[in-house]
Amino acid sequence: MLVETIRCLEDNFSYILIDQNKNACVIDPSESEPIINFVEKNNIKIKYILNTHHHFDHIGGNKEIKKKYNAKIVAYKNDLHRIPDVDISLKNNQIWTAENFKSKIIHIPGHTNGHICFFFENEKIAFTGDTLFSLGCGRIFEGTYKEMFTSLKKLKELPKETKIYCGHEYTLKNSEFCLKYDKNNKRLQKKINEIKNKVNNNIPTVPSTIDDEIACNIFLRAKTLGEFSKLRDLKDNF
Ligand code: ZN
Ligand code: FE
């Protein structure tokens, strides 16, 4: 199983998960064109479109990709009213399987009410959308601080080596915020050097790992809901 990172729009990441038969899932296609370009060039077969949540920068390419490849749209059951043409609806804690793909569905509300994470247990790969970013977390648009705090806690419980593929390239900016409130964190300092190297060489900063995020991401390091909420407010004005 292979993950291809496709940059979309301004700073979005879409991903294509490809198995050994060149069957593939596309995760959060922000727009169709860069996805279609990759698919045509590499001769892969897009079978499924997986959406972490309903925001347009995560589903913008659904329609075109579905039409062109006859792909099935896979999304959370409570978002059927705002993600058009869903073929397969998912429940919390469900294991979704198709072809060689097997993913656990983890409901992680906070950024939106219907946000989910796709956790591919065998490969230890998690697509976290706009809930967990590398060194950050999503803005709380629809949920409560408590929901977001609980959702991040669920993600913290994934195996340490789990690779994190998030929805946006915000890592460098996020790292400045983490450093401001966690100056003496050696692991963070080391990770920032790696991030700067990647950014300077135009390499995506994903994937991160759960282990790295627990060590470096200030939002995962917050011990109480109060501490988390305060950080989230500060970040909104950072
Ligand atoms: Zn979003
Ligand atoms: Fe987004």
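How many helices and strands make up the secondary structure of the protein chain? The points below take up this question and then turn to particular elements and residues.

1. Overall fold. The model is predicted. The secondary structure of the protein chain comprises nine helices and 14 strands. Its radius of gyration is 17 Å, close to the 18 Å that the globule rule gives for 238 residues, so the chain is as compact as a globular protein of that length. Taken along the principal axes, the C-alpha atoms occupy a box of roughly 50 × 40 × 30 Å.

2. Burial, contacts and surface. Of the 238 residues in the protein chain, 53% are buried. Where contacts link residues at least 6 apart in sequence, 59% of them join residues at least 24 apart. The exposed area of the protein chain is about 11,100 Å², of which carbon and sulfur atoms supply 47%. As for charge, there are 37 positive and 31 negative side chains, and the centres of the two sets are 4 Å apart.

3. The six-stranded sheet. An open sheet is formed by six strands in the order β7-β8-β9-β10-β13-β14, with mixed pairing. Its edge strands are β7 and β14 (208–209), each of which pairs on one side only. At the β14 end, strand β13 (residues 163–166) pairs with β14 in the antiparallel sense over two bridges. One such partnership sets I164 against S208 in β14.

4. The β7–β8 hairpin. Strand β7 (residues 95–98) runs antiparallel to β8, and four bridges join the two. Together they form a hairpin with two residues between the strands, and E99 in the turn has a positive phi of about 50 degrees. Within this pairing, W96 stands opposite S103, while A98 has F101 as its bridge partner. The two faces of β7 are unlike in cover: W96 and A98 lie on the covered face, and I95 and T97 on the uncovered one.

5. Strand β8. Is β8 enclosed or open to the surroundings? Five of the seven residues of this strand (residues 101–107) are buried, so β8 is largely enclosed by the rest of the structure. On its other pairing, β8 is joined to strand β9 (residues 116–120) by four bridges, again with the strands antiparallel. Here K104 has F119 in β9 as its bridge partner.

6. Two residues of strand β4. Both K47 and L50 belong to strand β4, which spans residues 45–50. K47 is partly exposed, at a relative accessible area of 27%, whereas L50 counts as buried, with a relative accessibility of 0%. Leaving aside neighbours within four places in sequence, K47 is in contact with N23, A24, A71, K72 and E99; E99 is the turn residue of the β7–β8 hairpin. With residues up to four places away again not counted, L50 touches C25, V26, I27, D28, P29, V74, W96, F118 and F120. Among these contacts, W96 lies on the covered face of β7.

7. Separations from β4. The C-alpha atoms of K47 and S151 are 29 Å apart, the two residues being separated by 104 positions along the chain. For L50 and T162, which are 112 residues apart in sequence, the C-alpha to C-alpha distance is 19 Å.

8. Backbone geometry to check. Most residues other than glycine have a negative phi, and most peptide bonds are trans. Against that background, K22 has a positive phi near 70 degrees; K22 lies in the loop between β2 (12–18) and β3 (23–27) and is partly exposed, with a relative accessible area of 39%. N202 also has a positive phi, near 60 degrees.

9. The loop between α6 and β14. Which residues of note lie in the loop between α6 and β14? N202 is one of them, and P207 is another; α6 itself covers residues 186–200. N202 counts as exposed, at 60% relative accessibility. The peptide bond from V206 to P207 is cis, with omega near -5 degrees.

Note on methods:
Residues numbered from 1 in each chain as written. Chains lettered and ligands numbered in written order. Predicted model: local features only at pLDDT ≥ 70, side-chain atom pairs only at ≥ 80, totals over all residues. Heavy atoms only, no water. Rg over C-alpha atoms; globule rule 2.2 N^0.38 Å. Buried < 20%, exposed > 50% of the residue type's maximum accessible area, 1.4 Å probe, protein only. Contact = heavy atoms within 4.5 Å. Areas by Shrake-Rupley, 256 points an atom, 1.4 Å probe, with all protein chains shown as cover. Lys, Arg positive; Asp, Glu negative; His and termini not counted. Charge placed at Lys NZ, Arg CZ, Asp CG, Glu CD. Pairing = 2+ DSSP bridges.
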